There are 2 protein chains.
Amino acid sequence: MTARAASERAPQPAEPAPWASVRERLRARGLRWTPQRRVLIDVLAASTGHVTGSELVDRCRAVDPATVPSTVYRALDVLEELGLVSHSHGHDGREEFHILPDAAHGHLHCTRCRRTWELPAGEAAELTIGLHDARGFSVDLSHLSVGGLCADCRGA
Amino acid sequence: MTARAASERAPQPAEPAPWASVRERLRARGLRWTPQRRVLIDVLAASTGHVTGSELVDRCRAVDPATVPSTVYRALDVLEELGLVSHSHGHDGREEFHILPDAAHGHLHCTRCRRTWELPAGEAAELTIGLHDARGFSVDLSHLSVGGLCADCRGA
DNA sequence: CGCAGTATTGCACGGTGTTGCAACAGCGGG
DNA sequence: CCCGCTGTTGCAACACCGTGCAATACTGCG
């Protein structure tokens, strides 16, 4: 039966370390563990990459139809403080949440095809360092979102 | 005085060339000159720097109480195509319009004090060139908005 | 000057997020 | 095991912005 080769990230209910400790992390801050937050955590644990706010609201509603948007958004604020998600604004100003940011990075999004890519810190280093030296400005890479045309769309 | 050095593009107050020719520029494209657009142009000509969409709506309403938001936003779209304004998204995803962009440039905004600064193309050159070379991605500088902490707020 | 054609307007409605507030419910203590 | 403190929720209302659609009014033309 599938032996121990389970390390191959397969059927995985996706519930690794970070999410498991959320409850304790909340308690440690005097914050509370509620059914609504549990739902959101479940949804997040089952998602990856980028999601918009309303998308998360929808998914939560799928689990618990009684879900209310404001609660989800407020819960996301809390989780952002814990560093479990980060958000930035897409081309249209809509919120995009980034789940479990493994490393600070920005985003690149094509104005035409709307695809997005991650922008590792390294590629933005000269900008961040330059601004830091020249102006004392400390860039928040996770909120950085660079718009433009991707290679494919430039061709067209 | 200052002789022919007039080439130094400065003296005009708030109603220089660009706005005066808007009507012709619209006509040249088969677009129309309407009272609503005139109001917006007046408002824009009297403003400088950055303004949010709703701020413009308010100012237009001050001139003509019958102003409707959707009309203003659509007019702004048109003016953006003419290159008279450009917009980007502020820290909160709200639209920020930049009037009469003299040169492509991005924005820097402090997450704490909410002040914003312009980011001249030069300072972002390494980023834009780097992305162009490495990924064939062509950055749209005018939509670039970099968040973070300004020197003052970093101190605090 | 009046007409026809089409760009625009106004309006109503939809989507995404935020906020104030009263009621509720975790969580620790007695 | 019940109590109370305080963090949270749900609701309702609001703000900002976009869009579909029918009515309107610029514009160029005859």
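This report covers a sheet in chain B and a pocket lined by residues of chains A and B in a predicted model.

**The sheet**

Chain B holds an open sheet of 3 strands. Their order is β1-β3-β2, and the pairing is antiparallel. Strands of a sheet pair through backbone hydrogen bonds. β1 and β2 of chain B are the edge strands, each pairing on one side only. From one strand to the next, the twist averages 30°.

The strands span these residues:

| Strand | Residues |
|---|---|
| β1(B) | 50–52 |
| β2(B) | 85–89 |
| β3(B) | 95–99 |

β2(B) and β3(B) pair over 5 bridges, in the antiparallel sense. Here B:His87 stands opposite B:Phe97 of β3(B). A helix packs on this sheet: α5 of chain B, residues 69–81. Helix α5 touches β2 and β3 of chain B. The direction of α5 makes about 115° with that of β2(B).

**The pocket**

The second largest pocket holds about 300 Å³ of space. Its lining has 21 residues. Nearest its centre lie A:His89, A:His143, B:His89, B:Gly90 and B:Ser145.

Which elements give two or more residues to this lining? They are β2 (85–89) of chain A, together with β2 and β7 (145–149) of chain B. β7(B) gives the largest share, 4 residues. β2(B) thus appears twice in this report: as an edge strand of the sheet, and as a contributor to the pocket lining.

By residue class, the lining divides into 18 polar, 2 charged and 1 nonpolar.

How values were computed
Residues are numbered from 1 along each chain as its sequence is written. Chains are lettered from A and ligands numbered from 1 in the order in which they are written. This is a predicted model: local features need pLDDT of at least 70, side-chain atom pairs count only at pLDDT 80 or more; totals for chains, interfaces and linings use all residues. Side-chain values use heavy atoms; hydrogens and water are left out. Two strands pair if DSSP finds at least two bridges between them. Axes are lines fitted to C-alpha atoms, for helices over the stretch in contact, and angles run from 0 to 180 degrees between N-to-C directions. Contact means heavy atoms within 4.5 Å. On a 1 Å grid over the protein atoms alone, a cavity is a set of points where a 1.4 Å probe fits but cannot get out, and a pocket is an open set with protein on both sides within 12 Å along at least five of seven lines; lining residues have an atom within 4 Å of a point. Grid points are joined across faces, edges and corners, and a volume is the space filled by probe spheres set on the points. Ala, Val, Leu, Ile, Met, Phe, Trp, Tyr, Cys and Pro count as nonpolar, Asp, Glu, Lys and Arg as charged, and the others, Gly among them, as polar.
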